[in-house]
Amino acid sequence: MDRLKGILMIIIGSISWGATGPIMEWLLSTTEITPSFMLAVRLIIAGTLLLAFLHVKGTNVFAIWRQTAWRNQLLIFSIIGMLGLQFTFVKTIEESNAIVATLLQFLAPIFIILYVSIAHKKWPPKAQVIGIIGTLCGLFLLLTNGSLSSLMVSKTALIWGVAVGFTYAFYTLYPARLMKEWGVLVVVAWGFLLSGVELSIIGRIWATDEWGLLANSTVIWMISGLVIFGTVAFVLFLSSMKYITAIETSVLSSFEPVTATIISVIWLGSVMQMWQVVGIMLMLVFVAYLSIAGKKE
């Protein structure tokens, strides 16, 4: 029963995260909203609501701040993990589209393998090298549609996309001790709120004219969708790891790009070329292979 619970968690979480990409793309392309404002509002609302929910349930949400070590880890996670992942993801969407952004986060296993190899001062196993090569071949087809003379996305989008993979790897690895000690919900809730406040200060959102956009009911509904889907995705993704293996989590995460692609094609009218579709399939297959090979090692 626990395994089925974990499987349902990761599937629902992956579909929810996949749905956020097209919503962000619509907001960025049809309104004057900026990534900083959109993210700051979404993160602060999500973090505040989640912390309030935990407080009502009797959880001491402030206990994590009492020890310097935990407090510092939480701040680092909020800046590099939570804010880093969210901001690079949105910037990739802004420079390309939701499909590309969702797929480029699947570069994370490569960064994880490279980190482990450097930490242990040895080359990765042969199986993982094959997985990396296969994933990069799929990425090549996605970005070029099989032609060396054409790049389907800008270089800026590619840079942001690689950053998505790196921050996603950090987000996956870094908070393990935090979440084991304090629980997934507390860490995610504070991660949301802190990253939203940090982005608000950096972007000086109190001085922007974008607040007027919130008078539009459609924009309000879209941001509400981001808050709901984004919160569900992060909480369920991390919670599922208690019930299923890393292999199953990685394989079932493929619902993210599939969801983003279906919604983008139907709603936003996105068009994928034949070799791009082949590239997507290759990436999904070899990311799953990477996870399996990594687990065996």
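## Helix 9

In this predicted model, helix 9 is mostly covered, with 15 of its 20 residues buried. The expected span of the helix, taken at 1.5 Å a residue for its 20 residues, is 28 Å, and its end C-alpha atoms are 28 Å apart, so the two values agree. Just after helix 9, Arg204 has a positive phi of about 45°.

## Nonpolar cores

Helix 9 (184–203) is one of the elements that give two or more residues to the largest nonpolar core. That core has 62 residues, and those with the most contacts inside it are Leu27, Met38, Val188, Trp190, Phe192 and Phe234. Other contributors of two or more residues include helix 1 (2–30), helix 2 (35–56), helix 7 (155–173), helix 8 (176–182) and helix 10 (217–240); helix 3 also belongs to this group.

Neighbours within four places in sequence left aside, the contacts of Met38 are Met24, Leu27, Leu28, Ile33, Val90 and Leu226. Another core, of 18 residues, lies apart from the largest one. Among its residues are Leu104, Ile113, Ile132 and Met283.

## Salt bridge

One salt bridge is present in the structure. It joins Glu94 to Lys91, with the closest N and O atoms 2.8 Å apart. Both residues lie in helix 3 (residues 68–95), where a separation of three residues amounts to about one turn of the helix.

The two partners are classed separately by accessibility. Lys91 has a relative accessible area of 16%, which is under 20%, so Lys91 counts as buried. Glu94, at 36%, is partly exposed.

Methods:
Residues are numbered from 1 along each chain as its sequence is written. This is a predicted model: local features need pLDDT of at least 70, side-chain atom pairs count only at pLDDT 80 or more; totals for chains, interfaces and linings use all residues. Side-chain values use heavy atoms; hydrogens and water are left out. A salt bridge is a side-chain nitrogen of Lys or Arg within 4 Å of a carboxyl oxygen of Asp or Glu. Helices (H or I, at least four residues) and strands (E, at least two) are DSSP runs, numbered from the N terminus. Buried means under 20% relative accessible area, exposed over 50%, partly exposed in between (1.4 Å probe, protein chains only). A nonpolar core is a set of buried Ala, Val, Leu, Ile, Met, Phe, Trp, Tyr and Cys residues joined through side-chain atoms within 4.5 Å. Contact means heavy atoms within 4.5 Å. The expected span of a helix is 1.5 Å times one less than its number of residues.
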